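Got the model open in your viewer? Here's a short walk through it, one selection at a time.

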Amino acid sequence: MKMLMLLSRCPYPLEKGDKLRAYHQLKEWSKKYEIHLFFVTWTNPSSTQIEALSFYCKSITFVKLNCISFFCSLWKFVLKKQALQCAFFYSRRAQKQFDILQNQLQPELVFCQLVRMTPYTKTVSSLKILDYQDAFSSGLYRRLQVAPWYLRWPLRYEYRAMKAMENQVFSQFDIKTIISAQDRDLISHPHKNEIKILPNGVDTTYFDPAIATQTEKELAYMGTFDIVFTGNMSYPPNEDAAVFLVKKIYPLLKVSHPNLRILIAGATPSLKVKALAASHICVSGWMDDIRMAYLAARIFVAPMRLGSGMQNKLLEAMSMQLACLITPLVSKGLNEKGKEPEVFEVCEATAEAFADKITCLLKDSELQLQMGQQARSYVMNTFSWEAQSSKLSQWIIDLQH
């Protein structure tokens, strides 16, 4: 059975949440389906990227976007009151290429990741699957509440447009998926309960603390840290969390822990995040092996106040056997039944609450070890990519019968 996957980025390397999700899904689905990948991109992918994907894809087609196509699309989407991000990822040339590929392949399944790519699927007559991934409109709304005045108008427009589109595209797809029950509840469509919960997974073989014995030289070079926070550091919710950690939480901690060290690790740090670097604050930027960040630290924190969806960084840290401290916003995205597993600490998104919890954890190495062991056991039993990806195959079978 042929599956045509439609993505808004090249799903490799895995420095963004949507890329990580798409990569592992196509990797698992390639065991059951003939995968044909189509994506748009603003930069040509390297031969290394294409080679990494070729193991799992029968064919790979991409179209490079440019500013001319964006501005040509922009006014059309604005007139229709559609999301600006749709215009950012749309071009007539890409639409033609997609239509040609679809007609040539005649795929039984067309998988579309994210609402932003749905304008390409209007001509699709095959069984259509939409992965909302998370409730983007809700994330935009949270950003709107704390945005500077000059960003409020575009964010307000994008929030309203995305919320409307999340509803409009619902009936156009046969199967709809989303990353968590929390995000499904934030979609305002009256039949939102038809959206299937498809959480992310984590590669527990790769994210294994046992690799520490193989990486002593790299760890010695990095040094040791008390706290680590990871993620794509140009993503506004991560940027906000990093600034909150250093500007609000750290000053409270250094009173009793003057030598405390923090590692902020992840791709493309924004200017705000880069400015946080100091003698006790390391902003690493892109790391070839993010596992080194987890191995170098004692406690993982995710002081998220914005955003939505499941935090891949938390699954990775848990798999690396770290004690984890998170906000309720992060914990709600982890369990589809809404019940928090007792394998991490959850506290209010205030500087005082976080500083108190971190202080308690720093004083109790046995508790750190216990929490880390329980966290790894939990993800190994609950969050494998194979188990999560196999759910879609069953939903397709159920629909066909």
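A quick word on element names: helices (H or I, at least four residues) and strands (E, at least two) are DSSP runs, numbered from the N terminus. This is a predicted model, so expect local features to need pLDDT of at least 70 and side-chain atom pairs to count only at pLDDT 80 or more, while totals for chains, interfaces and linings use all residues. Residues are numbered from 1 along each chain as its sequence is written, and side-chain values use heavy atoms, with hydrogens and water left out.

**Stop 1: the loop between β4 and β5**

Select L114, which sits in the loop between β4 and β5. Its phi is positive, about 80°, although L114 is not a glycine. For background, most residues other than glycine have a negative phi. L114 is buried, since its relative accessible area is 2%; buried here means under 20% relative accessible area, exposed over 50%, and partly exposed in between (1.4 Å probe, protein chains only).

Stay in that loop and click on M117. M117 is buried too, with a relative accessible area of 0%. Which residues does M117 touch, not counting those up to four places away in sequence? Turn on L6, L7, S8, V40, F89 and C112; contact means heavy atoms within 4.5 Å. If you'd like a distance to draw, try M117 to Q49: they are 68 residues apart in sequence and 21 Å apart in space, C-alpha to C-alpha.

Next comes T121, in the loop between β4 (109-113) and β5 (127-133). Is T121 buried or exposed? Buried, because its relative accessibility is 0%. Leaving out residues up to four places away in sequence, T121 touches L6, C112, K128 and F173. Another C-alpha to C-alpha line to draw runs from T121 to D99, 8.9 Å apart in space and 22 residues apart in sequence.

**Stop 2: strand β5 and its partners**

Move on to Q133 in strand β5. Q133 is buried at 8% relative accessible area. Setting aside neighbours within four places in sequence, Q133 is in contact with G17, D18, R21, Q113, L114, T177, I178 and I179. You've already met L114 on that list, and R21 is coming up again now.

Show the side chains of D131 and R21: they meet in a salt bridge, 2.7 Å from N to O. The term means a side-chain nitrogen of Lys or Arg within 4 Å of a carboxyl oxygen of Asp or Glu. This pair links distant parts of the chain, with D131 in strand β5 and R21 in helix α1 (residues 17-29), 110 residues apart. D131 counts as buried at 0% relative accessibility, and R21 counts as buried at 0% as well.

**Stop 3: two more salt bridges**

How many salt bridges does the structure hold? Nine. One of them joins D226 and R298, whose closest N and O atoms are 3.1 Å apart. D226 lies in strand β8 (residues 225-230) and R298 in strand β11 (residues 297-302), so the pair ties together parts that are 72 residues apart in sequence. D226 counts as buried at 15% relative accessibility, whereas R298 is partly exposed at 33%.

Then pick E28 and K31, another salt bridge, with the closest N and O atoms 2.9 Å apart. E28 is buried, at 13% relative accessible area, but K31 is exposed, at 57%.

**Stop 4: backbone oddities**

Zoom in on Y12 and P13, which are joined by a cis peptide bond with omega of about 5°. P13 is in the loop between β1 (2-7) and α1. By way of comparison, most peptide bonds are trans.

Now jump to T268, in the loop between β9 (262-265) and α11 (271-274). T268 has a phi near 40°, a positive value in a residue other than glycine. T268 is partly exposed, with a relative accessible area of 47%.

**Last stop: W149**

Finish at W149, in helix α7 (residues 149-168). What is the relative accessibility of W149? It's 68%, so W149 counts as exposed.
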